[in-house]
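Colleague: I'm new to this one and would like a quick tour. Could you put the structure up so we can talk it through?

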Amino acid sequence: MLRAGAASVNITPPLGIGMRGYFTPRTAKDIHDDLYAKALVLDDGETKLAIVVCDLIGVERHYLDKAKHLILKRVGIPPSNVLISCTHTHTGPVISDMDYGEFLAQKVADSVQLANNRLREARIGFEREEEPKPLGNRRFWMKDGTVRTNPGVLNPDIVKPAGPIDPEIGVMCVEEPGGKTIALLVNYAMHYAGLSPTEKREDYYMISADYFGIFSKIIQRIKGENFVAILANGACADVIMFDAMKPHKRVNKLFGHAERIAALVAAKALWAWNQMKFHNSVRLASLMEELTIQRRMPTDEEIEMAERLMNGEIPARTMRENALKNFFGPKIKEFLQAPREVRTWVQVLAIGRLAAIVGLPGEIFVELGLKIKENSPFEYTFVVELANDWVGYVPTLEAFRQKGGYETTIGPNKLVPEAGEMMVDAAVRMLKSLYQDAGRD
């Protein structure tokens, strides 16, 4: 018999903390809405799985490894059975500032401990829907033969998108046998929705969970229940909140675009929820593999360009040039002296043969997420990025062959081009192994 418990813990940082998400530094001056670590624990009587989603841009491995150690110590769930991911809100804190990472590790452990305290008899269901309307691939082939990231809405030099989108909304609901909702987990691949950094308004310095937090409030309001509502981000490194080849109507209301996207996703999630089949007994399992991936070393040309951009010899006009100026240039020495290898996690949680949740450790190109889904033997496969680590952008091999673009620029990207395929191969291998094992019961 399945048991489940869920909990939310407030992880809002203090004002004055640094904020991440744009090229220029910011510090938090106000709070639009609180940030949370939301946890779901599943228990089949032999195995427990824990899923935690944090309203943060991304968290490095050492903080999350510490959280997992605390979880093991407090409730006995091993690290391989705990998936901790981030939503990628661009209005959250710098994790290393003000000892926030240490605070976070404790709070993540609190969320799992509280969810574990609330375990009760449950049933689980899965379904899917689609919502393509807000989505657009942000990389485009241009008339000059290059690829540009975010070249501007209706830019006349755009030829076509350089990649796809993934409109699938994966929906998992856990409820008590009588129908009272314990938790809802929704998986959707979109970068974020919130603020534009073009104007230095006060709202630019506000802490917010972005549309992920708004979704949580809307879906509970629609259902007329209080439960833990979780929106986990899919593989969306190259997918954003509008299509630059179509007119994009801005909303004057603060976080107005986030609100309308949250409402769309909530409506489709509810549609899927209401046609869901529930299961009282499922076998839980997990696998986690540590990959060793080579770091990408900067070229002399990249170093020279970054130095010229920082010195003001040439202007930074594109996202690629801004990345070299702001993200790579100030850390050239750090990149040159860094260890030549990165060790990171790929993880799969399995719920019978019904569903699997794949955790990948960076900002993953949508094509890689789609490839995992296409090769998964499970009926439902949720791909969750920024899970268990933050290793920067993970593009496809094809993206590295294209000339230009932000995501393949050193600084935002620090792993060799083969990293994405390595992660896909590991995920598919584990998916097939867990599916095979589930069939032996």
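Colleague: Okay, to start with, how many salt bridges does the count come to?

Modeller: Keep in mind that this is a predicted model. Side chains of opposite charge can pair when their charged atoms come close. The cut-off is a side-chain nitrogen of Lys or Arg within 4 Å of a carboxyl oxygen of Asp or Glu. By this rule, the count is 19.

Colleague: Let's pick one. Which residue forms a salt bridge with Glu131?

Modeller: Here the closest N and O atoms are 3.0 Å apart, and the partner of Glu131 is Lys268. Glu131 sits in the loop between β10 (123-130) and β11 (136-137), while the partner is in helix α4 (residues 256-273), so the pair ties together parts 137 residues apart in sequence. So the name you're after is Lys268.

Colleague: And is Glu131 buried or exposed?

Modeller: Buried means under 20% relative accessible area. Glu131 has 6% relative accessibility, so it counts as buried. Its partner Lys268, by contrast, has 25% and is partly exposed. For Glu131, then, the word is buried.

Colleague: How many residues apart in sequence are the parts that Glu289 and Arg429 tie together?

Modeller: These two form a salt bridge, with the closest N and O atoms 2.8 Å apart. Glu289 belongs to strand β21 (residues 284-294) and Arg429 to helix α10 (residues 419-439), so the parts they tie together are, in residues of sequence, apart by 140.

Colleague: What is the relative accessible area of Arg429?

Modeller: Glu289 is partly exposed at 24%. Arg429 is partly exposed too, and its relative accessible area is 45%.

Colleague: What about Arg296 and Glu302, are they buried or exposed?

Modeller: Their side chains meet in a salt bridge, 2.9 Å from N to O. As for accessibility, both Arg296 and Glu302 are buried.

Colleague: Which residues do salt bridges that share partners join into one network?

Modeller: In this network, the salt bridges have partners in common. The residues joined are Arg61, Asp65, Glu290 and Arg343.

Colleague: Now the strands. What is the order in the open sheet of 3 strands?

Modeller: Strands of a sheet pair through backbone hydrogen bonds, either parallel or antiparallel. In this sheet the pairing is antiparallel. β3 (26-27) and β8 (92-93) are the edge strands, each pairing on one side only. That gives the order β3-β2-β8.

Colleague: Last one: which residue in β3 does Met19 stand opposite?

Modeller: Strand β2 (residues 18-20) runs antiparallel to β3, and 2 bridges join them. Opposite Met19, in β3, stands Arg26.

Note on methods:
Residues numbered from 1 in each chain as written. Predicted model: local features only at pLDDT ≥ 70, side-chain atom pairs only at ≥ 80, totals over all residues. Heavy atoms only, no water. Pairing = 2+ DSSP bridges. Helix = DSSP H or I, 4+ residues; strand = E, 2+ residues; numbered from the N terminus. Buried < 20%, exposed > 50% of the residue type's maximum accessible area, 1.4 Å probe, protein only.
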